[in-house]
Amino acid sequence: RTVFFIDPAGTIRLVMYYPLNVGRNMAEIKRVLLALQTSDKHKVAIPLNWQPGEKVIVPPPKTLADYEARLEDTSLEKTDWYLAKKMI
């Protein structure tokens, strides 16, 4: 028993395997679907155990200008220069 997530372009994005003696977790399947959609829409990463409405991870800065802009952005929760979270 396998669950496949296939995007509109036909790319397999995720495969979940369940043994025959274990039922599927529909709450987790829905959470994964929402996480993939959120990640695609906002170009962010989704942290461990994320639930809709929680903060997401912003990609690290790629240039010095991006880094300086990040320092000035008060909407971000900054843990380090490369790790920042935000509400979407």
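1. Buried here means under 20% relative accessible area, exposed means over 50%, and partly exposed is in between. By that cut-off R31, at 17% relative accessibility, counts as buried. The structure is a predicted model, and the points below should be read as comments on that model.

2. R31 forms a salt bridge with E28, with the closest N and O atoms 2.8 Å apart. The two residues are three apart in helix α1, which puts about one helical turn between them. The partner E28 counts as partly exposed, at 27% relative accessibility, whereas R31 is buried at 17%.

3. A search of the whole structure finds four salt bridges. One of them joins the side chains of R13 and D40, at 2.8 Å from N to O. R13 is in strand β2 and D40 is in helix α1, so this pair ties together parts that are 27 residues apart in sequence. R13 is partly exposed, with a relative accessible area of 33%, and D40 is also partly exposed, at 35%. Salt bridges link D7, R13 and D40 in a network.

4. K55 and E77 form a salt bridge as well, the closest N and O atoms being 2.4 Å apart. K55 lies in the loop between α1 and β3 (56–58) and E77 in strand β4 (residues 77–78), so the pair ties together parts that are 22 residues apart in sequence. K55 is partly exposed, at a relative accessible area of 32%. E77 counts as partly exposed too, with 34% relative accessibility.

5. R70, in helix α2 (residues 64–72), deserves a separate entry. This residue is buried but has no salt bridge, and the nearest side chain of opposite charge, D73, is 7.0 Å away. A salt bridge needs a side-chain nitrogen of Lys or Arg within 4 Å of a carboxyl oxygen of Asp or Glu. A polar atom of the R70 side chain does lie 2.4 Å from the backbone oxygen of P59. Leaving aside neighbours within four places in sequence, the contacts of R70 include V58, P59, P60 and P61, and also W81, Y82 and L83.

6. T38 sits in helix α1 (residues 26–42) and, with 14% relative accessibility, counts as buried. Its side chain reaches the backbone oxygen of L34 at 2.7 Å. Beyond neighbours within four places in sequence, T38 is in contact with K43, V44, I46, W50, V56 and I88.

7. On the surface, F4, I6, I12, V15 and Y17 make a nonpolar patch of about 540 Å². The elements giving two or more residues to this patch are β1 (2–6) and β2 (12–17). β2 gives the most, with three residues. F4 belongs to strand β1 and is partly exposed, with a relative accessible area of 46%.

8. The loop between β1 and β2 contains P8. P8 is exposed, at a relative accessible area of 91%. Its C-alpha atom is separated by 16 Å from that of A35, and the two residues are 27 apart along the chain.

Note on methods. Residues numbered from 1 in each chain as written. Predicted model: local features only at pLDDT ≥ 70, side-chain atom pairs only at ≥ 80, totals over all residues. Heavy atoms only, no water. Patch = residues over 30% accessible without salt bridge, like charges linked within 9 Å, V, L, I, M, F, W, Y side chains within 5 Å. Areas by Shrake-Rupley, 256 points an atom, 1.4 Å probe, with all protein chains shown as cover. Helix = DSSP H or I, 4+ residues; strand = E, 2+ residues; numbered from the N terminus. Buried < 20%, exposed > 50% of the residue type's maximum accessible area, 1.4 Å probe, protein only. Lys, Arg positive; Asp, Glu negative; His and termini not counted. Polar contact = N/O pair within 3.5 Å; in protein donor to acceptor, adjacent residues only side chain to side chain. Contact = heavy atoms within 4.5 Å.
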